[in-house]
Amino acid sequence: MCGIVAYVGHREACPLVIKGLKRLEYRGYDSAGVALINQHGLSVFKKKGKVVALEHELIGKDIQATIGMGHTRWATHGEPNDANAHPHYSFHRKLAIIHNGIIENYAAIKQALLKKGHTFTSETDTEVLGQFIEDIWENNGGSLEEAVRLALQEVVGAYAIVIMSQTDPTQLIAARKGSPLVIGVGDNEFFLASDATPIVEYTKDVIYLNDYEVAVIKDGQLSVVTLDNTTTTPYVHKVELELEAIEKGGFDHFMLKEIFEQPRSIADSMRGRVKAEEGTLQLGGLRDYLDKLAKSKRIVIIGCGTSWHAGLVAEYIFEELARIPVEVEYASEFRYRNPIIKEGDIVIAISQSGETADTLAAIELAKSKGAIIFGVCNVVGSSIARATHAGAFTHAGPEIGVASTKAFTAQVTVLTLMALAAAHRKGTLSESLFRQLLTELESIPAKVEQVLQAADKIKEIAYIFTYARNFIYLGRGLNFPVALEGALKLKEISYIHAEGYPAAEMKHGPIALIDEDMPVVVIATQDSSYEKVVSNIQEVKARKGRVIAVVTEGDTHLPGMVDFTIEIPRVHDILMPLVSVVPLQLLSYYIAVMRGRNVDQPRNLAKSVTVE
Ligand code: F6R
């Protein structure tokens, strides 16, 4: 949600900031803006729409500067328009501010400022914060840094902010609480960004700012203090991210690139962990906690959206292999209940971005109740990865398409490894099945590759259903969460209404929707529920529904019964979602492209949901 980039050093700031904003556009893309300081003083340029609209706005303007900051917005307070776009000037235009997050008590602060005669040009909470900081600065007589700290002590909510001041063209002040902010440390230059993607081109040395910390970059020096003015020594990490990982690499969209990356990303999420030949499985991040996981009385899995679907897959696998009861909760619901956490319970938080506000809040709640929290995150250094006691990274590489694809399969892979490790330690899994599953896991990348080869056929099917108004997705057992995921993918990028159900639930209501205009995607692989799913398909066909079935290769029965089949290779039941989800991702992608949708940046969405 909202992307932040800032730079101070010896380079041209504006092109660098614009390029960085394009890398962060997945976080929000309803308006964008930059602030610069040069001989004209502090200037702000901003525009409704994507970063390209801002680029047009900048044509012919004097934008030469070696300090600048930019923002790409996902609207919270106030509709997307030029006025609400960031950066915002302060009341006397001494400052400009960009912000990611929500200032919950902005209305009270605004009232106090209105009483002092302030006026506002936008509806945003951010402008209120900028004016508040300037007001303290002007009235306190102290430094700007002190004013920032004092203002933030009064603020309720979440923020990552960057401030530039008219009076000091060498200075950037940044602070965070609950929203990510990374500092890139170069040679006599500094970068600030919501994640490392705009920075890696210039430096691999980064500092992850912590909550309640304020970073002051001034005269080429960086200092970090806490809100109560204690100096901290920031730790410089080396980021491993390579530039090609965040570029499209010849694909039309990031989403398609990420779907096609899955053989590699699944292999990466197992790399160094699974050694089938030796019959070993190591999860370094869980080593000290594996006993606790194996002995746990209950596992509660929390996540949102696609990550929640990965949790549902994990529920089946943990219960089946490790015989540990599992509950899967939406993080947003968990955090507002009074959940019962007993001794011996483990909470697993799943998040691609590692920044989802609901998941983060749910973790804090579970922690306060004494739970041990494991994280399954993709982004190293993210807030959730740092808030958990232990965990395993998914190593899928940066996921830039807003719709999650390779992150899902990597999450399911890592959760499967966790379940296998727990079951092996607990003794609920025979050595032979353990070894068989490790071997089968190693074969998954090749099987996903095989599904990807059917892309053209899936494209043809997509063409036929491009103008459908609704879709139903059905699956049973481990393929039920896959049905949910398929429906979510379709609705978020094509804007076609789609619902996923356990196949047998259809007759309890949704069957009323079935007629010749209703496409029904059924995951009907030859697993233990195959016969039952075939009966469900017959129920759909009897009502003239049009069935697209995902079937196991060599199935001779279903092709004669349904309208279209997509074959996938035979896999062990437990590992099926890793393969069966892939055709559904492709189907959604092609339908969305044929409908002319912006698949990488679908309307109203953003990748990293850092507001509740
Ligand atoms: C769907 C999608 C979202 C995310 C959800 C959680 O394609 O991307 O549903 O899965 O917002 O995000 P993370 O996993 O970053 O916590």
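What lies 2.9 Å from a backbone N or O atom of Ser-404? Select Ser-404 and the ligand together, and you will find that the partner is an oxygen atom of the ligand. That pair is a polar contact (a pair of N or O atoms within 3.5 Å; within protein, one must be able to donate a hydrogen and the other to accept it, and residues adjacent in sequence count only if both atoms are side-chain atoms).

Before going further, a word on the model: it is predicted, so local features need pLDDT of at least 70, side-chain atom pairs count only at pLDDT 80 or more, and totals for chains, interfaces and linings use all residues. Residues are numbered from 1 along each chain as its sequence is written, and side-chain values use heavy atoms, with hydrogens and water left out.

**Stop one: the ligand**

Stay at the ligand and add Gln-352, which has a backbone N or O atom 2.7 Å from a ligand oxygen atom. Next, pick Thr-306, where the corresponding distance from a backbone N or O atom to an oxygen of the ligand is 3.1 Å. The protein covers 90% of the 410 Å² of accessible area that the ligand has on its own (areas come from the Shrake-Rupley method with a 1.4 Å probe; for residues, only the protein chains shown count as cover).

Now show the whole shell of 15 residues, each with a heavy atom within 4 Å of the ligand. Ser-307, Ser-351, Ser-353, Thr-356 and Glu-492 come nearest. Colour the shell by class and you get five nonpolar, eight polar and two charged residues (Ala, Val, Leu, Ile, Met, Phe, Trp, Tyr, Cys and Pro count as nonpolar, Asp, Glu, Lys and Arg as charged, and the others, Gly among them, as polar). Domain 2 (248-451) and domain 3 (454-612) both contribute to this shell, so the ligand lies between them; the bounds come from an automatic or database domain assignment.

**Stop two: the largest pocket**

Move on to Leu-241, Asn-378, Val-379, Val-380 and Pro-398, the closest to the centre of the largest pocket among its 41 lining residues. About 1000 Å³ of space lies here. On a 1 Å grid over the protein atoms alone, a pocket is an open set of points with protein on both sides within 12 Å along at least five of seven lines, a cavity is a set where a 1.4 Å probe fits but cannot get out, and lining residues have an atom within 4 Å of a point. Points are joined across faces, edges and corners, and a volume is the space filled by probe spheres set on them.

The lining has 15 nonpolar, eleven polar and 15 charged residues. Both domain 1 (3-244) and domain 2 (248-451) supply lining residues, so this pocket lies between them.

**Stop three: a cavity**

The structure holds one cavity of 30 Å³ or more. Its space is about 70 Å³. Select the lining, including Trp-74, His-86 and Asp-125. β6 gives the most, with three residues (helices, H or I, have at least four residues and strands, E, at least two; both are DSSP runs numbered from the N terminus).

**Last stop: two backbone details**

From His-86, step to Pro-87: the peptide bond joining them is cis, with omega near 0°. Pro-87 sits in the loop between β4 (67-73) and β5 (88-89). Finish at Arg-93, in the loop between β5 and β6, which has a positive phi of about 60° although it is not a glycine.
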